[in-house]
Amino acid sequence: MLRKSREGWEFNNEAALESFVWKNLSSLLGLKPLKQQYRVQGEVCDILAIDSCKRLVILELKNVEDRYIVQQLTRYYDNLLEERPLSSQIDYTRPIRLIAIAPCFHEYSFIDLKYHTLDLELLRFRITQVESRIYFAFNALRGATISKVIIPRPEKYIINPENAPNAKILPRPPKALLNIIEKDSVEKQNIVLDLREKILRFDERMAENSTEATIRYGKRKGKTQLYRAYHTRCVEFHRDQYSVSVDQNLDDPDIVVHTQTTDLWGEPLDKPRYSYSKKIVKIELFLYLPFPHDETNQRIIKVLVRTNDWKTVSGIVLPSRYKEPWKAGTYYPFEQYLNLYRKMTGKLAESNSLQILIDLALDEWKARN
């Protein structure tokens, strides 16, 4: 999926870029695709391919500038050379090629390239529009076009955003949001980014504000700020982080080793004890919804939405600082909340679809703003 940003045409997310390059790998680079999102030693390679000589090519793609792209490719190289998967299709006696693909590169990447001893290429991609056609091109670092293809079915995209309905030009997703979902499945990333687009396109007054751990959506105040009042807020994405104990044998670079050398009383142990944990980062969704205050009144509160698949809703959780302490953190099954909502508003919502709940939150936001 493409969108028009202030900087020009771009893919809606990294998954869309990867899917497009995967399908057009032969036309763009003369390569045969082997595996997409291939997991090796706890890390995930975007694309594995081979050239006409069965030489392995590792491709890492970024939809925005990323200073660590060369380091990623180097780790993938080491992991794949150690395991040598797909050996019936790959000639491991030939040098492995590494290709980094991005719209632009950080200055550190050029320093990495200067001193790198492996077969490493940096390719810039560009998306341009000429009349009714949209083109995708790979450019060398000095600007020469290496390959160029037409993006098919351009009618699916906004060709003339000035004349299209609701053609608000969206800013790029905040890095904070991309960082939170970077290790989620491609499907979940798409769902989250599609929700973001839906929220921002809902109303011209809707704006986005982000910190490292929170991305908020609500009524615009100036160019980059939101009003702080509860009734002006609509949706929030939060970064939730915690650690879990794991087995020491798991092959995962995110595992942390904890060493204990003394007992509870500070006495030295005969030999160190080791335990292992892994940091889990997940995204949480909060909505500003009406909730009963008493028998005759309601108020707007921020609730945590419980969803396992980001398609259906199982329930909502009241905030931990709720005004009535005995209700703080209370979980309401979704059907129970819908019954409360019907009694408060007279409106009927029977589906447990997350999209329906987002629509409900957007409509309520518009009604009070």
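This report walks through the nonpolar cores, one helix and one buried serine of a predicted model.

**The cores**

Let's start inside. In soluble globular proteins, nonpolar side chains tend to be buried together. Here, the largest nonpolar core has 43 residues, and those touching the most other members are Tyr217, Phe237, Leu285, Leu287 and Trp310. Several helices and strands each give at least two residues to this core, among them helix H5 (175–181), strand S13 (233–245) and strand S15 (268–292). Helix H8 provides the largest share, with 7 residues. A second core is separate from that one, and its members include Leu59, Phe125, Phe136 and Val149.

| Core | Residues | Some members |
|---|---|---|
| Largest | 43 residues | Tyr217, Phe237, Trp310 |
| Second | 25 residues | Leu59, Phe125, Val149 |

Phe237 is a good place to pause. Setting aside neighbours within four places in sequence, Phe237 is in contact with Leu177, Val192, Leu195, Ile283, Leu285 and Trp310, among others.

**Helix H6**

Val192 and Leu195 are also among the buried residues of H6. That buried set includes Lys188, Gln189, Arg196, Glu197 and Arg201 too. How far apart are the end C-alpha atoms of H6? They are 24 Å apart, which agrees with the 24 Å expected for 17 residues at 1.5 Å a residue.

**Ser109**

Finally, look at Ser109, which sits in helix H4 (residues 107–115). Is Ser109 buried or exposed? Ser109 is buried, because its relative accessible area is 0%, and buried means under 20%. Beyond its neighbours within four places in sequence, Ser109 is in contact with Asp66, Arg67, Ile69, Val70 and Leu122.

Definitions and conventions: Residues are numbered from 1 along each chain as its sequence is written. This is a predicted model: local features need pLDDT of at least 70, side-chain atom pairs count only at pLDDT 80 or more; totals for chains, interfaces and linings use all residues. Side-chain values use heavy atoms; hydrogens and water are left out. A nonpolar core is a set of buried Ala, Val, Leu, Ile, Met, Phe, Trp, Tyr and Cys residues joined through side-chain atoms within 4.5 Å. Buried means under 20% relative accessible area, exposed over 50%, partly exposed in between (1.4 Å probe, protein chains only). Helices (H or I, at least four residues) and strands (E, at least two) are DSSP runs, numbered from the N terminus. Contact means heavy atoms within 4.5 Å. The expected span of a helix is 1.5 Å times one less than its number of residues.
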